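Work through the exercises below with the model open. Try each task before reading its solution.

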Amino acid sequence: METALHVENLAKSYKRRIRKPGLLGAFQSMFSAKTEELKAVKGISFSIKRGERVGLIGENGAGKSTTLKMLTGIIVPTSGNLEVLGVVPWKERRKLALNIGVVFGQRPQLLWDIPVQETFRLLKAMYHIPDEVYQITYKEAVRRLGLEPLLRTPVRLLSLGQRMRCDLAAALLHAPAVAFLDEPTIGLDLTVKEQVREYIRDMQKQFGTTLLITTHDLKDITEVCDRLLLLDKGTLLFDGSLKAFEKRFANESRIVAELHQPATPASIKKLSAEIKRHGGRVAISDGHRLILEYRKEGAAPALTQILLKRYKVADLTLEKTDIETIVTKIYRKPIADKMKP
Amino acid sequence: MRPLQQPLSLSASLNGYASFFVRCMKASFAYRATVITNLATTAIFYAITIMVWRQVYSQNSNLTISSSQMFIYLLLAGCGNYALGGMVVEFRIGNRIRTGLIATDLLKPVDFQISQGIQALSDGLFNGSLSIVVFLLGFCVFKEQMFPASLQALGLSILSFLLGLVVMYGIGFVFVQGAFYTYSGYGIFAARNALQGTFSGVFAPLSFYPPVLKTVAEWLPYRHTIYTPISIYMGWAKDNDAYSLILQQAAWAVGLLLLGRFLMKYALKQLEIQGG
């Protein structure tokens with residue numbers, strides 16, 4: 001399959017002016033030229049094939065948005081190579097722009113003072129979208145994202161969620177070959193989030209769009225993407241399929257029990273000692289709620305029996321760790337341990 | 001999989017720019033209250049300027065321009081300044097740099113300088129069309145004295161006014177390059193505005209300036225935004241002089257646009273779109 005994006009040792013550093021705290025500090029900073037270098041992206045490499053659906057995740061400040069800005073050509077990398085659809089983005093920005101669609105969740109591309117449909121008409125002319133493509137993308141967006149009541153409303157009167165839906169429609173109107181979606185579900189309620197994910201999935205299927213999505217809502221990734229890039233402090237920690245990610249990190253399962261009576265500290269101590277032999281541990285003991293975690297495959301029956309023998313259990317569930325929990329755990333680990341399963 | 005879109009033809013690009021111009025004009029109607037407030041403020045400001053000049057004329061009858069000619073000049077300068085004032089290039093682009101909204105402009109398959117120029121031209125023409133009301137009111141007061149020096153003068157002054165808008169945009173575009181480094185367009189806007197006010201001839205014809213200031217004004221592009229179109233309209237610059245001024249305007253317009261383009265090429269290389 002043809003390569004859509006190729007990134008090699010990509011790095012970006014910013015210079016930040018050092019500002020002193022307080023009012024006097026702010027005044028002094030006006031005459032000070034002291035700066036510090038901030039390395040936002042530290043030499044990352046990856047390739048994405050055409051038609052792939054890739055999620056880019058990481059904590060705040062991990063370098064996701066900076067990476068996206070370099071890939072779209074609006075900022076110039078400090079070092080490294082990158083090509084998107086055979087073009088060096090920052091050198092041939094306008095040529096690339098015809099074939100990419102971008103949503104920056106916090107920076108709408110809609111014209112602020114006039115109705116939404118005016119932006120759509122402008123984009124049709126600006127991208128020279130053929131009628132047969134526009135008929136599909138426009139109608140689909142209006143129907144699937146519920147835009148009909150919003151079309152004649154000036155953008156400045158829309159809520160954040162309404163604006164996001166319109167902005168997403170605007171970004172995909174020309175059926176771009178590559179879509180960069182930076183937090184496409186920010187500010188949306190749960191039902192609309194679901195609608196948006198479905199719309200992105202179907203548009204991707206219909207036009208074979210290559211997707212690169214950054215988000216803090218991991219459901220965007222699990223429901224739309226099949227590959228994951230995990231960035232941390234500018235470094236690429238993981239690049240692989242969602243299944244590979246789960247296989248590598250989701251090796252811990254949980255037994256969640258609701259007890260009739262709260263567990264006493266003494267009973268927890270005894271329980272801990274007993275389940276340790278089966279590879280289990282008490283993760284949380286919070287009044288009526290008791291959570292056991294274990295890594296050993298096939299340990300669940302023995303641990304459940306011990307639990308039922310020691311306590312009167314009102315309810316019991318077995319849980320496999322989901323991606324959200326795994327990612328949260330990775331974020332919490334010290335940098336040296338992050339990639340340890 | 002859809003085949004990749006090839007670069008647009010000239011006619012397709014022009015169609016895109018035309019569509020953008022229409023949307024910019026529509027957006028100009030969005031803030032009626034602002035339009036009315038601006039008009040009222042400008043009217044008050046010019047009423048005061050005219051009162052000051054009346055006082056000057058009442059005390060001195062040896063001035064080279066008659067009082068009615070002076071009042072017509074000030075009226076036209078007011079109209080021109082109102083049109084130019086709507087462009088606020090540094091303020092608009094500077095604000096987009098500061099908030100990072102410039103990212104959405106740079107992601108469009110259009111030339112940034114041309115599309116921002118269309119926005120500025122649309123703003124200038126919108127304000128200019130409102131100025132026509134004041135211009136027509138001038139006919140009620142000054143009657144035949146308001147007529148242009150000749151039909152040729154009328155045609156050339158309209159061309160000169162349009163070139164003045166391009167010169168104004170060129171100046172603004174060069175100035176706003178500073179905002180890529182300072183991340184604020186306000187100081188730059190204020191500086192340009194002060195220079196424009198001083199050297200464009202908006203408060204008085206340049207012939208009234210002290211020799212030093214007049215020489216400086218002649219070396220700068222600002223006079224081509226106000227003084228040049230009016231001096232052609234009023235017949236102070238005729239035939240070859242008028243053509244020469246228009247050529248100078250065109251040269252300034254091209255030079256400033258090229259300089260702005262050159263500066264932006266470097267400014268974009270160190271652009272930071274702040275925040276996520």
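**Exercise 1. How many helices and strands are there in chain A?**

The model is predicted: local features need pLDDT of at least 70, side-chain atom pairs count only at pLDDT 80 or more, and totals for chains, interfaces and linings use all residues. Residues are numbered from 1 along each chain as its sequence is written, while chains are lettered from A and ligands numbered from 1 in the order in which they are written.

Step 1. Count the elements: chain A has 12 helices and 13 strands. Helices (H or I, at least four residues) and strands (E, at least two) are DSSP runs, numbered from the N terminus.

Step 2. Frame the chain. Its C-alpha atoms fill a box of roughly 70 × 55 × 45 Å along the principal axes.

Step 3. Check burial. Of the 341 residues in chain A, 39% are buried. Buried means that 20 or more other C-beta atoms, placed from the backbone, lie within 10 Å of the residue's own.

**Exercise 2. Trace the six-strand sheet of chain A and find the helices on it.**

Step 1. Write the order. This open sheet runs β5-β6-β7-β3-β8-β9 in chain A, with mixed pairing. Two strands pair if DSSP finds at least two bridges between them.

Step 2. Mark the edges. They are β5 (100-104) and β9 (235-241) of chain A, each pairing on one side only.

Step 3. Gauge the turn. Neighbouring strands here are turned by 15° against each other on average, direction ignored. Axes are lines fitted to C-alpha atoms, for helices over the stretch in contact; angles run from 0 to 180 degrees between N-to-C directions.

Step 4. Take one pair. In chain A, β6 (residues 178-182) and β7 (residues 210-214) are parallel, with five bridges. Within β7(A), A:Thr214 is the bridge partner of A:Asp182.

Step 5. Add the helices. Helix α2 (residues 64-72) of chain A packs on this sheet and touches several strands, including β3 (53-57) and β8 (227-232) of chain A. The direction of α2(A) makes about 150° with that of β6(A). Helix α6 (residues 160-172) of chain A lies across β5 and β6 of chain A, at about 165° to β5(A).

**Exercise 3. Which strands stand at the edges of the sheet β2-β1-β4 of chain A?**

Step 1. Read the order. The sheet is open, has three strands and pairs antiparallel.

Step 2. Pick the edges. β2 (35-49) and β4 (79-84) of chain A each have a single partner strand, so one side of each lacks a neighbour in the sheet.

Step 3. Gauge the turn. Neighbouring strands are turned by 25° on average, direction ignored.

Step 4. Inspect a pair. β1 (residues 3-17) of chain A joins β2(A) through 12 bridges. One of the bridge pairs is A:Lys15 with A:Glu37 in β2(A).

Step 5. Return to α2(A). This helix packs on the sheet and touches β1, β2 and β4 of chain A.

**Exercise 4. Describe how α3 and α6 of chain B pack.**

Step 1. Get the geometry. Helix α3 (residues 67-85) and helix α6 (residues 112-142) of chain B pack at about 165°, with axes 7 Å apart.

Step 2. Name the arrangement. α3(B) and α6(B) are therefore roughly antiparallel, a term for angles over 145 degrees.

Step 3. List contacts, meaning C-beta atoms, placed from the backbone, within 7 Å. Among the residues that meet are B:Ile72 and B:Leu75 in α3(B), and B:Val134 and B:Phe135 in α6(B).

How values were computed: Two residues are in contact if their C-beta atoms, placed from the backbone, lie within 7 Å. Angles under 35 degrees count as roughly parallel, over 145 as roughly antiparallel, 65 to 115 as roughly perpendicular and the rest as oblique. A residue is buried if 20 or more other C-beta atoms lie within 10 Å of its own, exposed if 12 or fewer, and partly exposed in between; C-beta atoms are placed from the backbone.
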